[in-house]
Number of protein chains: 2
Amino acid sequence: MTVIETMGKKSKEVARVLATAGALKDKALHSIADALIENTDYILEENAKDLAAGKEAGLTNALLDRLALSPERIKGMADGARQVAALPDPCGRIISGGKLKNGLEVTKVTVPLGVIGIIYEARPNVTADSAVLCLKSGNAVILRGGKEAINSNKAVATVMRKAIEIAGLPADCVQLIEDTTRQSSIELMGLSDYLDVLIPRGGAGLIRATVENAKVPVIETGVGNCHVYVDEYADVDMAAEIIYNAKTSRPSVCNAIETILVHKNIADKALPLIKAKLDEKNVELRGCEKTIEILGDSVKPATDEDYATEYLDYILAVKVVNCINCALNHIAQFSSGHSECIVTENYTNAEKFLNSVDAAAVYVNASTRFTDGGEFGLGAEIGISTQKLHARGPMGINELTSMKFIVKGNGQVR
Amino acid sequence: MTVIETMGKKSKEVARVLATAGALKDKALHSIADALIENTDYILEENAKDLAAGKEAGLTNALLDRLALSPERIKGMADGARQVAALPDPCGRIISGGKLKNGLEVTKVTVPLGVIGIIYEARPNVTADSAVLCLKSGNAVILRGGKEAINSNKAVATVMRKAIEIAGLPADCVQLIEDTTRQSSIELMGLSDYLDVLIPRGGAGLIRATVENAKVPVIETGVGNCHVYVDEYADVDMAAEIIYNAKTSRPSVCNAIETILVHKNIADKALPLIKAKLDEKNVELRGCEKTIEILGDSVKPATDEDYATEYLDYILAVKVVNCINCALNHIAQFSSGHSECIVTENYTNAEKFLNSVDAAAVYVNASTRFTDGGEFGLGAEIGISTQKLHARGPMGINELTSMKFIVKGNGQVR
């Protein structure tokens, strides 16, 4: 047995303990929170090693910032653990039930998924956040973080494992793969005897590689090629505010927009207003011919590649469309199924957009930036699913559960 | 573009139509039912070609029986379509919803999955049954049946496609891959640009091959290594009846049992009773040393391989266990997570078994044969999921849906 297979086997064993651990899970979360605070200095020392290595290796400032921990960020991890502990237990909820004609009582109840694998990149807080959500939902977790954060991840995992043991649960509820070669993540993706699901948390490349290579069920997260469609019946000031917010409040995240579609009958009025707002943040526009006709040569021409790109930057593609159906067709062609918005005062068009667009979240007259577990009231999120199987949109602890049928009889045979 | 890619593209297009087709879906199902009856002779002629080819190729009688259609079986397909039409629409159900503090109204509603691929073997009625369930739940479907049934499948698909068009929906809601080479199923498993989910319906080999090769989300169905545990507090007569039913009422199906575990304190009393019942159907027993001690040399010795095998036949493995925890450990090691049963009159042991066993359906004092969409009141089933993601246990039309968040605002930004 390889190291990772052995970890899988251990996870499957402790998953049986966790499935009936009840309130001990919350005790472990509080224990983790205490331990993270107590061990702040140790975690920061280990994090400093990663930062030094990162600088040496020439990581960008953006990457170094993601990698960096601070007393505040560690407190954030601890606070997160306490908040999750305060949520209701997602397991053991009765979804439905009743008596069949033959007297059998059939009840559908939520149970943990079992063993969850998480593959992620350079942010060490993902180590704590993921472990906390998996633990709360009664799942054993195997973590495989990026090599840039390995010392930080080891420190956080060590602290958490001790804390879990103190609370009376097996340390192996949380395991970290210390081998950060490509081989170790490929092996994790193939661990079908032990893993119930694999969740990649990171950029498009990581997610694609996971979907391509995994032999276990995967939940795809995070890619967001999102649109705002400004309908001919839009309030143009509201449209400009929503577009400004959805593009510039945090361009690097998946619920930020990448393209706007503007109805031709309102384009002359709306586009200059929208551009004026976006100019405040120096957003680069790439537009169709009509857009350039209206806004002038400062707008670069947009290609189909632009419409397909998740910029995650201060860049926005713009297209003037002839009708709402043209907008719906464009979205059907280019959307990644994350978050899509129509700005309109027209009831029929609003309903048409809501019903026709195939995405995790479909908006009327609000910024796509709200697609988020915290904003939607899930307590905390492990990611935003852009697939349709199992979970779609922001995933909280309820989405980390499965279910089973409990059947009680008194001798029934078929 | 290959033939199969073109089919995928068409499916994705018609999926947009189906998503908002409402009552037209039921109209199409009735139209299919009518057309199947009207075209009975044509379908039987094509089926006769498959049967002749099958005899030529030396198929077993069991396989030929699965392949054979009759006026009654065709009527069964038509009746199935009408029954499914009578079910409530699984799409557009509101799962949850409410207003956020910022005034946004967030509603979670069910929507179709989109495009479903079904890979199956020699039973031509799966062609109609699968298409009917997919259509009802608003999904476009691509069918890939076994080569033995290709003429029957083509006939059924042609009849259904015409009927769907007559009802006013695009024929491409249902497409059949006519190429039955291995290559075509491999290509379908990799159709990640178009397929939302792939469901293999068939034996363990097909399911394993699909899980190994698929690049799209798969729902695993059907493998059932199921157990009955006879607790020391069991009513032994009830235990014998349940075991007799669960083993012999239909040994070839996934909810039949393959191993019984008997508590040592009751084994002397229970095993002879159980054997006497099973002898009525000449069930071959393979037992542990203690079993042979009690029942004599007519019982063959059982190996770990026996405990791991889904016999699907008149063979049953038997093990005497020292305690309920021993039974739970055996089940955790060998169960495929399908259906597991305890026979007991003891409350604590019943609850312990229900809470600890990790399976789609867990029973007290009833035959595992009830794990079935029809029995559980789902109307009809597309399969029994043995994975934990998305759906577990019998899957009906509700399990062929996803969901989306509908968000209504009046200018909210974050």
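**The interface of chains A and B and a parallel sheet in chain B**

Across the interface of chain B and chain A, eight salt bridges are found in this predicted model. One of them joins the side chains of A:K388 and B:D196, with 3.6 Å from N to O. Polar contacts add to the picture: between chain B and chain A, 41 residue pairs are in polar contact, both residues of each pair being at pLDDT 80 or more. On the side of chain B that touches chain A, two or more residues each come from strand 2 (105-112), helix 9 (204-213), helix 10 (236-248), helix 14 (324-334), helix 15 (347-356), strand 13 (361-366), strand 15 (393-395) and strand 16 (401-412) of chain B. Strand 16 of chain B gives the largest share of this side, with 11 residues. By residue class, the side of chain B that touches chain A holds 33 nonpolar, 19 polar and 16 charged residues.

Turning to extent, chain B and chain A each bring 68 residues to the contact. Together the two chains bury about 5,500 Å², and carbon and sulfur atoms account for 55% of this area. Strand pairing also crosses from one chain to the other: strand 16 (residues 401-412) of chain A runs parallel to strand 13 of chain B, and five bridges link the two. Within this pairing, A:V407 has B:Y363 of strand 13 of chain B as its bridge partner.

Attention now moves to a sheet in chain B. Here four strands make up an open sheet with parallel pairing, in the order 5-4-3-6. The edges are taken by strand 5 (174-176) and strand 6 (197-201) of chain B; each has a single partner strand, so one side of each lacks a neighbour in the sheet. From one strand to the next, the twist averages 20°. Strand 4 (residues 140-144) of chain B is parallel to strand 5 of chain B and is joined to it by three bridges. In this pair, B:V141 is matched with B:V174 of strand 5 as its bridge partner.

Helices accompany this sheet. Helix 7 (residues 150-166) of chain B packs on the sheet, where it touches strand 3 and strand 5 of chain B. The direction of helix 7 makes about 155° with that of strand 5 of chain B. Helix 1 (residues 3-19) of chain B, in turn, lies across strand 3 (115-120), strand 4 and strand 5 of chain B. Relative to strand 4 of chain B, helix 1 runs at about 145°.

Definitions and conventions: Residues numbered from 1 in each chain as written. Chains lettered and ligands numbered in written order. Predicted model: local features only at pLDDT ≥ 70, side-chain atom pairs only at ≥ 80, totals over all residues. Heavy atoms only, no water. Contact = heavy atoms within 4.5 Å. Buried area = accessible area lost by both parts, 1.4 Å probe. Salt bridge = Lys/Arg side-chain N within 4 Å of Asp/Glu carboxyl O. Polar contact = N/O pair within 3.5 Å; in protein donor to acceptor, adjacent residues only side chain to side chain. Nonpolar A, V, L, I, M, F, W, Y, C, P; charged D, E, K, R; others polar. Pairing = 2+ DSSP bridges. Axes fitted to C-alpha atoms, helices over the stretch in contact; angles between N-to-C directions.
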